[in-house]
Amino acid sequence: MKKENELLKTIEDTFTKLFLEKGIYFVDAEYVKEPKGNVLRIFIDKDDGVDLDSCEMASNLVSDWLDKIDPIDDSYFLEVSSPGAEREIKSDEQLLKYIDKKILVKCYKKINNEKEFIGYLKSFDKENLTLFVGKSEVIFYRKDIAIIKSQIEI
């Protein structure tokens, strides 16, 4: 797993800037074992939405790089896609984009008999995250948060 984590970090470091030069944002990467085999999945985003051309451009850049350095011993599939409309928010940099926007917060343990909260992100720091849920302000310890996802506003 350490080798996979190092690979994913190297991919992030390599393609964050390279994609940005093409108007594409690097969102995340994962290397997973699935029934069809190993999959290296790269998630990208774009201001006007991810389209097939964006995925193809990103896929070609990653594929050429992988062919040069050949970091994966096993056979695998390379996939490039959008993380979807309701996506996991993994970093503070990503979280900044969701201030005053609707998000889902799932906790490891119940808070006020609930584990899931949907509301508007007010603020966050290293230790806490503040969400407006209805007319109430709910403050979460970040260590108690299992996952944060964006939500589509209707």
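1. Strand 4 (residues 102-111) pairs with strand 8 in the antiparallel sense. The pairing runs over 5 bridges. Leu104 stands opposite Lys149 in strand 8. Keep in mind that this is a predicted model.

2. These two strands belong to an open sheet of 5 strands. The order is 7-6-5-4-8, with antiparallel pairing. Strand 7 (136-141) and strand 8 (145-150) stand at the edges. Each has a single partner strand, so one side of each lacks a neighbour in the sheet. From one strand to the next, the twist averages 40°.

3. Now helix 2, which covers residues 52-69. Does its length fit? Its 18 residues, at 1.5 Å a residue, should span 26 Å. The end C-alpha atoms lie 26 Å apart, which agrees.

4. Which residues of helix 2 are buried? They are Ser54, Cys55, Ala58, Val62, Trp65 and Leu66. Seen down the helix axis, the buried residues fall within an arc of 105°, so they line one face of helix 2. The general rule behind such a pattern: an α-helix has 3.6 residues a turn, so residues three or four places apart point the same way.

5. The face of helix 2 turned away from the buried side carries exposed residues. These are Leu52, Asp53, Asp67 and Lys68. Leu52 is exposed, whereas Leu66 is buried.

6. Check the backbone where helix 2 ends. Asp70, just after the helix, takes a positive phi of about 45°.

Terms used. Residues are numbered from 1 along each chain as its sequence is written. This is a predicted model: local features need pLDDT of at least 70, side-chain atom pairs count only at pLDDT 80 or more; totals for chains, interfaces and linings use all residues. Side-chain values use heavy atoms; hydrogens and water are left out. Two strands pair if DSSP finds at least two bridges between them. Helices (H or I, at least four residues) and strands (E, at least two) are DSSP runs, numbered from the N terminus. Axes are lines fitted to C-alpha atoms, for helices over the stretch in contact, and angles run from 0 to 180 degrees between N-to-C directions. The expected span of a helix is 1.5 Å times one less than its number of residues. Buried means under 20% relative accessible area, exposed over 50%, partly exposed in between (1.4 Å probe, protein chains only). The arc is that of the directions from the helix axis to the C-beta atoms.
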